[in-house]
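Reader: I have a structure to look at and don't know where to begin. Can we go through it together?
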There are 2 protein chains.
Amino acid sequence: MADRFMNIAIDEARKGIRAGHGGPFGCVIVKDGKIIGRGHNEVIKQHDPTCHGEIMAIRDACRNTGSHDLSGCDLYTTAQPCPMCAGAVQWANIAKVYYGCTVSDTDDIGFRDEVFFNSETESQELDRNECLEVFREYFSMSEREGY
Amino acid sequence: MADRFMNIAIDEARKGIRAGHGGPFGCVIVKDGKIIGRGHNEVIKQHDPTCHGEIMAIRDACRNTGSHDLSGCDLYTTAQPCPMCAGAVQWANIAKVYYGCTVSDTDDIGFRDEVFFNSETESQELDRNECLEVFREYFSMSEREGY
């Protein structure tokens, strides 16, 4: 069963590269034995660095279910998620990830995942108090409106 | 100058919460002193867990510039990026991040960023060889077609 879903993720990856959409990565999301979302890398097609296979599949599943919460779903991806996608998987409440190629395999073909696990962009704190004000406003609104 | 851009990110965050689009987070992207992208959290509006302020701003900047490469750009965000957004920042080649609230501030208001930095979703390798085949196909295509 798991193999069958990975094979469909592989088909997605092939579809993407043959269409010139981006790198060789495909993904499906499964709930209760059924595919509820699928996608492949579209970074080139959409000139958008966030269009990895996992993100495309998560968005597709959310569109199809009308929910941002994919609790109880498994995700099958042809390569181990990069930090961006691993974060998206956590926000989506995905239960389990099955991956094909490892981070090291992906690094071998010139994608930079390995580097990302060991580096970060230069960052600096700025205007923290003004930003905390927005948090406070959000909380007073959410208390007032009950969400 | 940095303050001015953070103020605009704060305005974005306010716009988002007043419209009920999602959490209290806004972001702008700046190149050569000009704003080329902006966005706020739209997780609720789009029922999509990837619609954080930083991702929305990166997508907006990519749409506006027609490129997935935001080298030379700075990103101003009202709260320190979560792992998903920090990954997106790296893929976009953002030069520097300015953030308002810290991860700990965000955690204090009930968002789960702090947890994410110290956990990961259960994962399992599957069908690695079949997935490596897709990598090989991609490379033989890219050599043949010169990209």
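Reader: What does the accessible surface of chain A come to, and how much of it belongs to carbon and sulfur atoms?
Author: The accessible surface of chain A is about 6300 Å², and carbon and sulfur atoms hold 45% of it. Accessible areas are from the Shrake-Rupley method with a 1.4 Å probe, and for residues only the protein chains shown count as cover.
Reader: Anything I should know before going on?
Author: This is a predicted model, where local features need pLDDT of at least 70 and side-chain atom pairs count only at pLDDT 80 or more, while totals for chains, interfaces and linings use all residues. Residues are numbered from 1 along each chain as its sequence is written, chains are lettered from A and ligands numbered from 1 in the order in which they are written, and side-chain values use heavy atoms, with hydrogens and water left out.
Reader: ok, what are the elements of chain A?
Author: From the N terminus they run α-β-β-α-β-α-β-α-α-β-α, which comes to 6 helices and 5 strands. Helices (H or I, at least four residues) and strands (E, at least two) are DSSP runs, numbered from the N terminus.
Reader: How much of chain A is buried?
Author: 57% of its 147 residues. Buried means under 20% relative accessible area, exposed over 50%, and partly exposed in between (1.4 Å probe, protein chains only).
Reader: New topic. What turn lays chain A on chain B?
Author: A turn of 180°, with a shift of 0.0 Å along the axis, gives an RMSD of 0.0 Å. That is the relation of a two-fold axis. The copies are superposed by least squares on the C-alpha atoms of residues with pLDDT of at least 70 in both.
Reader: Which residue of chain A comes closest to that axis?
Author: Met84(A), whose C-alpha is 1.9 Å from it.
Reader: And what touches His52(A)?
Author: Apart from neighbours within four places in sequence, His52(A) is in contact (heavy atoms within 4.5 Å) with Asn41(A), Val43(A), Cys82(A), Met84(A), Cys85(A) and, from chain B, Trp91(B).
Reader: Is His52(A) buried or exposed?
Author: Buried, because its relative accessibility is 10%. His52(A) sits in the loop between β2 (34–40) and α2 (53–65) of chain A.
Reader: Last one: which residues of α1(B) are buried?
Author: Among them are Phe5(B), Met6(B), Ile8(B), Ala9(B) and Glu12(B). Just after α1(B), Gly20(B) has a positive phi of about 70°.
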